[in-house]
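The following exercises are to be worked with the sequence and the model at hand. Each task is followed by a solution in steps.

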Amino acid sequence: MAILGRGLTLLQALRAGGALSVKTGCEEGHCGACLVLVDGRPRYACLTLAGDGAGAVVETAAVLAGDDDGRAVMDALTAAGAVQCGYCTPGVVVTLTYLLRQGRLAPDDVVEALEAHHCRCTGYYAFLRASTLLI
């Protein structure tokens, strides 16, 4: 995906380009709603300048839906009942997909990674339960 626009954050550029799975949350890098993978690494799109993504592979939750690992994460979240309002879900999908790809699905790794997300509906136990379905 080409990222254009000087002075824009990656979040603004992605949303302007129609990537609606990247959510606008705190815009300060605290809630995880805008988390994406940039060249395979988690990045807060709200804190990343769009120009920093030029030429990079940017994977949103919507992109990950077409990926075997991303699809496995989404299926596990569904099976574990870990999706309610869906606002934090895209960022959680990105995080769990990253951990799956890194082979880091130990409960301590998952708990630590999920600290970067705010969830008001489901609670974190359901996300942790979903991660055990990926092992």
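A residue counts as buried under 20% relative accessible area, as exposed over 50%, and as partly exposed in between. The model treated here is predicted.

**Exercise 1. Determine where Glu 27 lies, and classify its accessibility and its phi.**

Step 1. Glu 27 belongs to the loop between H1 and S1.
Step 2. Its relative accessibility is 47%, so Glu 27 counts as partly exposed.
Step 3. The phi of Glu 27 is near 60°, a positive value in a residue other than glycine. Most residues other than glycine have a negative phi.
Step 4. A further case is Asp 39, which is also not a glycine and has a positive phi near 50°. Asp 39 is located in the loop between S1 and S2.

**Exercise 2. Establish how many disulfides the structure contains, and examine Cys 26 and Cys 121.**

Step 1. The criterion is a pair of cysteine sulfur atoms within 2.5 Å.
Step 2. Searching the whole structure yields zero disulfides. For Cys 26, the nearest cysteine sulfur belongs to Cys 31 and is 3.8 Å away, and Cys 26 is in no disulfide.
Step 3. For Cys 121, the closest cysteine sulfur is in Cys 85 at 3.7 Å, which is too far for a bond.
Step 4. Cys 26 is partly exposed at 31% relative accessibility, and Cys 121 is partly exposed at 37%.

**Exercise 3. Derive the strand order of the sheet and describe what packs on it.**

Step 1. The sheet is open and consists of three strands in the order S2-S1-S3, with antiparallel pairing.
Step 2. Strand S2 (41–44) and strand S3 (58–59) are at the edges; each has a single partner strand, so one side of each has no neighbour in the sheet.
Step 3. Helix H4 (residues 89–102) packs on this sheet and touches S1, S2 and S3. The direction of H4 makes about 40° with that of S1.
Step 4. Consider next the pairings of S1. Strand S1 (residues 35–38) pairs with S3 over two bridges in the antiparallel sense, and Leu 37 stands opposite Glu 59 in S3.
Step 5. S1 and S2 run antiparallel and are joined by four bridges. Val 38 has Arg 41 in S2 as its bridge partner.
Step 6. S1 and S2 form a hairpin with two residues between them, and Asp 39, with its positive phi of about 50°, is in the turn.

**Exercise 4. Characterise helix H4: its span, its burial and the residue that follows it.**

Step 1. H4 has 14 residues and reaches 20 Å from first C-alpha to last, close to the 20 Å expected at 1.5 Å a residue.
Step 2. Of these 14 residues, 12 are buried, and the helix is mostly covered. Among the buried residues are Thr 89, Pro 90, Val 93, Leu 96 and Tyr 98.
Step 3. Gly 103 follows H4 and has a positive phi, near 70°.

**Exercise 5. Identify the aromatic pair and classify its geometry and surroundings.**

Step 1. The count of aromatic pairs is one. The pair is formed by Tyr 124 and Phe 127, with 6.1 Å centre to centre and 70° between the planes.
Step 2. Planes over 60 degrees apart count as edge-to-face, and the pair of Tyr 124 and Phe 127 is edge-to-face.
Step 3. Both residues lie in helix H6 (residues 124–132), three residues apart, about one turn of the helix. An α-helix has 3.6 residues a turn, so residues three or four places apart point the same way.
Step 4. Tyr 124 is partly exposed at 32% relative accessibility, whereas Phe 127 is buried at 1%.

**Exercise 6. Decide whether Thr 9 and Ile 135 are each buried or exposed, and place each in the chain.**

Step 1. Thr 9 is in the segment before helix H1 (10–16). At 17% relative accessibility, Thr 9 counts as buried.
Step 2. Neighbours within four places in sequence aside, Thr 9 is in contact with Ala 45, Cys 46, Thr 48, Leu 49 and Ala 50.
Step 3. Ile 135 is in the segment after H6. With a relative accessible area of 71%, Ile 135 is exposed.
Step 4. Ile 135 and Glu 115 are 20 residues apart in sequence, and their C-alpha atoms are 20 Å apart in space.

Terms used
Residues numbered from 1 in each chain as written. Predicted model: local features only at pLDDT ≥ 70, side-chain atom pairs only at ≥ 80, totals over all residues. Heavy atoms only, no water. Buried < 20%, exposed > 50% of the residue type's maximum accessible area, 1.4 Å probe, protein only. Pairing = 2+ DSSP bridges. Contact = heavy atoms within 4.5 Å. Axes fitted to C-alpha atoms, helices over the stretch in contact; angles between N-to-C directions. Phe/Tyr/Trp six-rings, centres within 6.5 Å; stacked < 30°, edge-to-face > 60°. Expected span 1.5 Å × (residues − 1).
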